[in-house]
Amino acid sequence: MSGAALGLEIVFVFFLALFLLHRYGDFKKQHRLVIIATLLAWYLCFLIVFILPLDVSTTIYNRCKLAVNSSPAESNGSYVTLAPSKQKCFKPWSYIPNGIMPIFWRVVYWTSQFLTWILLPFMQSYARSGGFSITGKIKTALIENAIYYGTYLLIFGAFLIYVAVNPNFNLQWSQLQTIGIAAANTWGLFLLVLLLGYGLVEIPRSHWNGAKRGYLLMKTYFKAAKLMTEKADAEENLEDIMEEVRKVSESIKYNHPLRKCVDTILKKCPTEYQERMGRNMDDYEDFDERQNSYPSEKSLVKLHKQVIYSVQRHRRTQVQWQILLEQAFYLEDVAKNETSATRQFVHTFHSQEPENKIIQYFYTPTVEWYWECLLRPWFYRVLAVVLATFSVVVVWSECTFFSTRPVLSLFAVFIQLAEKTYNYIYIEMACFLTIFFLSICVYSTVFRIRVFNYYYLASHHQTDAYSLLFSGMLFCRLTPPLCLNFLGLTHMDATISHKNTQPTAYTSIMGSMRVLSFIADGFYIYYPMLVVILCIATYFSLGTRCLNLLGFQQFMGDSEMTSDLIDEGKELIRREKRKRQRQEEGENRRREWKERYGNRDDSTRNRVVHTDQKESSFSETNTNRPLSKYTRSNGRTERDRIELLQDAEPLDFNADSINDDPLESDSGR
């Protein structure tokens, strides 16, 4: 089993990152380099979270071996362990041989740092550029990142000059490397605590509110009102941009040198707009003979950028509106079925996507009713209590992890108790649950953040390239300080535990933070305590109230604006519901008329053939009369059926009043 656990987790994490990226990104429409760079960034960050518990168990085993193999004097001097020196060490099932983990962490860490500080910022500017060639996009990206890269080079150059001039500093390359890592981790820790303080409160509260049906439905109405405003704004913006594109397309004819740029812009427009703005190839006009002013290439680059942004935003709002409608209809069905006496879940509208037969077999309407109306609220409440307990433990440990005598961090207590008995499975499970919960609190906040319309992770393949790359940057900057914070909570970091023990392979590549004592003994220890203030602010929704005062409408139960938006959203959902009901009723009528008249037409045709065979011995005069009667009736029936099928909204009819026999109907007339 040596190394097998590492290989399995590497494969599993890759498919996990691929699944999440497929949910948010669009593999068919987005550039392959954007997909590969984002996938690599997400994959490396998730890999660090999953592999770190194996590093902890392997380090504990190596400490035990060193304690057993060393003499008592060496054990007391060189290594300090919790186990007796004569106790036998048991190799963990997931043991990773020596020499693999340092190389693995070094490759993963420096690759992620290269992505977040150099490659991904450049690709962001490249993906958002409106250039028409690769060279033009690269030039735009370099210009936009010149200030970004120049600032870091200026700071680093000033620091090197200061070190070279000052004789008191005698720094080596390894120490300079440690200073660079410390600077990156300090920036990441500053953002980490902000996101962690929000997630520790909001995740348990969101699950607790998930058990409230009325709360979720009111919040969905609120979202519907806001999304409708955004949707209307996106449609208006798209119309304005398309009007500019139309004017440019009419002014620049096919023989103009910039016509290729216009054609590139037209390809990015929706199909209906492309058909409207189809240029006439016979309209030849020599642009040199006219004195008209034509747009420059720079203005076309700007227009191209606006077209890409407006089309992406319009498509995203349309998809989100449909998803929100389905969610609102489903929550209304849940509220309606809670009082059902039959205890069978009844949907107002049938699902538009085909469901799996296996799911239909097990997830019957009765099972769905018990889950949605009875079990799910209690499950969410229990889960919220468990998550809230984890949050309290994390907050307590963040405020007390610097204390080593006595050990006050609960995570450190659990790990040290398991270390005494060498229960590696318990150690790995405890480490995994701890770092997984911390990662969920931080990463879920990254997925929820929305910076106006520039950064927004939207599911169902609606996230643009800029937001995907920006999320990869955040993950790569947040994950290393998150892991260091976890090792500090469990006292596996020698900087926190103040013990001369063998460090983990992950902390060994970070170097000794003692080079910068004010960071190691000050910022890393006391700054995480601010998570308490952030949790209190999140609990009382101070950030939401501030945004509401600034004019950004947020969901608040005690606000008049929220009540007005809820009423508006309820009316919008009701209107869309009536619209969909009319559509389904129209489809059912057309289907019923088609089945009724289609069957009647077939029966009439069969009777005509039977009569023709039966009366073939009579004269031609006697035979043509009944046939003409049948033929007229058949033709009239066919015309009526075609007219009814072509009607978009067929009128209501009474099925009992229609005679099934076309002959009697004709004779009655």
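These legends accompany several close-up views of a predicted model.

**View 1. Trp117 and Trp187 meet as an aromatic pair.** Welcome to one of the 32 aromatic pairs found by a search of the whole structure. The rings of Trp117 and Trp187 are arranged edge-to-face, with 6.2 Å from centre to centre and 75° between their planes. Trp117 belongs to helix H4 (residues 100–128) and Trp187 to helix H7 (residues 173–210), so this contact ties together parts that are 70 residues apart in sequence. Trp117 is buried, at 18% relative accessible area, whereas Trp187 is partly exposed, at 38%.

**View 2. Charged side chains sit over aromatic rings at Trp117 and Tyr126.** Stay with Trp117 for a moment: the charged end of Arg477 sits over its ring, 4.0 Å from the centre. Then look for Lys137, which lies over the face of Tyr126 at 5.6 Å from the ring centre.

**View 3. Six aromatic residues form one cluster.** To find your way around, start with Tyr24, Trp42 and Phe46, and then pick out Tyr443, Phe447 and Phe475, which belong to the cluster too.

**View 4. Salt bridges link helix H11 and helix H22.** Two of the 14 salt bridges found across the whole structure appear here. In one, Glu326 pairs with Arg580, and their closest N and O atoms are 2.7 Å apart. Glu326 lies in helix H11 (residues 297–337) and Arg580 in helix H22 (residues 560–614), so the pair ties together parts 254 residues apart in sequence. Glu326 is partly exposed, with 37% relative accessibility, while Arg580 is buried at 11%. In the other, Lys577 meets Glu332 at 3.3 Å, N to O. This pair also links distant parts of the chain, with Lys577 in helix H22 and Glu332 in helix H11, 245 residues apart. Lys577 is buried, with a relative accessible area of 15%, and Glu332 is buried at 15% as well.

**View 5. Glu585 and Arg589 form a salt bridge within helix H22.** The two side chains meet at 3.8 Å, N to O. Both residues lie in helix H22, 4 residues apart, which is about one turn of the helix. Here Glu585 is partly exposed, at 41% relative accessibility, and Arg589 is buried, at 18%. Elsewhere, salt bridges that share partners join Glu230, Arg316 and Arg450 into one network.

**View 6. Residues 224–251 are listed as a coiled-coil region in an unreviewed UniProt entry.** Follow the chain over this stretch and you will find 100% helix and 0% strand. The C-alpha atoms at the ends of residues 224–251 are 40 Å apart.

Key
Residues numbered from 1 in each chain as written. Predicted model: local features only at pLDDT ≥ 70, side-chain atom pairs only at ≥ 80, totals over all residues. Heavy atoms only, no water. UniProt positions renumbered as here; feature names shortened; annotations may be inferred. Helix = DSSP H or I, 4+ residues; strand = E, 2+ residues; numbered from the N terminus. Phe/Tyr/Trp six-rings, centres within 6.5 Å; stacked < 30°, edge-to-face > 60°. Buried < 20%, exposed > 50% of the residue type's maximum accessible area, 1.4 Å probe, protein only. Lys NZ or Arg CZ within 6 Å of the ring centre and 35° of its normal. Salt bridge = Lys/Arg side-chain N within 4 Å of Asp/Glu carboxyl O.
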